[in-house]
Amino acid sequence: MEVVLASSSVDDGIGCWDIHTGAEQPRYKSCSPPFHGLVSLGSRFLASSQLQHSSSTSGSVFFWSFSKPQVEVKSFPVEPIKPLAGNHQGTYLAGGALSGDIYLWEVETGRLLKKWHAHLRAITCLVFSEDDSLLISGSEDGYVRVWSLFRLFEELSNWEAKNLYEYSFSEHTMRVTDVVIGYGGSNAIIVSASDDRTCKVWSLSSGRLLRSIVFPSIINSIALDPAEHVFYAGSSDGNIYIAALNTDRITTTNNYGKHIIGSFSNHSKAVTCLTYGKVGDLLISGSEDGIVRVWNAKTRNIVRMFKHAKGPITNVLVVRQEIDPSNHMSSNLQASTKKKPLEKYANSTDEDSDVKTVISLGSSRECMDVSYHSSNVISIHTKELQQQGSAAASDIEIEKLKHEHERTMKMANQWKKMYENLHQFGIKELLDGDQIRTL
């Protein structure tokens, strides 16, 4: 069953409706997350950040199973967390703090895998790439930064690099309000929105700005058309603007400006959040008027409307629920999270937990295990080899490990270079075609 989930900063609880029939489902209780503070974990669990209204120095993260309306797990991180993002399999949860730090937890164990200082000011939005290899963050400092999970867990690279990020885009002059990423992993495009009334389109393969679009009002949220021909921009003036990514679709029949090809609205107040449905051309919007609207993106007509709260809608999600009590993996995950809430601090003295970090890649739901061995783990491995045999045998095993690591990194670089060249060729063809049409 595919459902629409919505939260508000005023009305406690997460509203839930069947997107195709409009039938209301049980509401998840005790929830009033901030913007970008609600996320689905593997279509079986929900996670929500919570801020104490009386204090900005404390907060929590709540977890629900889709099969139960009550909160099952409550975690209390060391500092308030606002935006959350989960990878596609729901095995990892990233949280952005008011301090500018980003936390990365393993959901099943609650273990804090990584914490790093990402921005000078509070994190406003987080999103994983389609293949889960990248994490993109936006901040109140106006920066959009791209983080490679491979690089974050490769300690040797961390020691050698001045900065942990892959790219740092600084062209926004005010707070970043939303970030979305297309398909293609490290060769995808990123679209970011800001209080400066612009949306900017970035190329991950080249690390440069492709397009800057000025809007009549502040853009609070954006959603990509799955075909990536256009993107939708929810505005503070109540309109949903349509902006072209493909130059062939640009028209001059409106007064909005270059690359904006139209707009539509039924909102009496600002559009606060947007998302695209997983089946069919359905665009879902939330507004300050407390109403969730489901649109046919082709006809721009309203399909359904859900009244959720008296206050602003802060999050809308579309999730395909997979409730199966007999599912062994789901039961294990649920039991584990009950026993182990999110860690506040990384346990650097636990040698066993440092042996292997598993990063899930690919939206095909297949898991690819990539081991990153720290110097501490290599030292432990060396001692074990020395206890089992001679020093010469240990040296041989270490050389094998080094050779395998070099071979793997070389192969990864070759694939990356190939994809960058292909993507660069496509961008060049697009830009050259655009220049010819303007002559």
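The following exercises concern a sheet and two salt bridges in a predicted model.

Residues are numbered from 1 along each chain as its sequence is written. In this predicted model, local features need pLDDT of at least 70, side-chain atom pairs count only at pLDDT 80 or more, totals for chains, interfaces and linings use all residues, and side-chain values use heavy atoms, with hydrogens and water left out.

**Exercise 1.** Determine which strands stand at the edges of the sheet 12-13-14-15.

*Solution.*
Step 1. Strands are DSSP runs (E, at least two residues), numbered from the N terminus, and two strands pair if DSSP finds at least two bridges between them.
Step 2. The open sheet has four strands in the order 12-13-14-15, with antiparallel pairing.
Step 3. Strand 12 (123-128) and strand 15 (167-169) each have a single partner strand, so they are the edges.
Step 4. Strand 15 is joined to strand 14 (residues 144-148) by three bridges; in strand 15, tyrosine 167 is the bridge partner of valine 146.

**Exercise 2.** State whether aspartate 195 is buried or exposed, and identify its salt-bridge partner.

*Solution.*
Step 1. A salt bridge requires a side-chain nitrogen of Lys or Arg within 4 Å of a carboxyl oxygen of Asp or Glu.
Step 2. The partner of aspartate 195 is arginine 175, with the closest N and O atoms 2.9 Å apart.
Step 3. Buried means under 20% relative accessible area, exposed over 50%, and partly exposed in between (1.4 Å probe, protein chains only).
Step 4. Aspartate 195, at 16%, is buried, whereas arginine 175, at 34%, is partly exposed.

**Exercise 3.** Describe the salt bridge of glutamate 140.

*Solution.*
Step 1. Glutamate 140 pairs with arginine 121 at 3.5 Å between the closest N and O atoms.
Step 2. The two residues are 19 residues apart.
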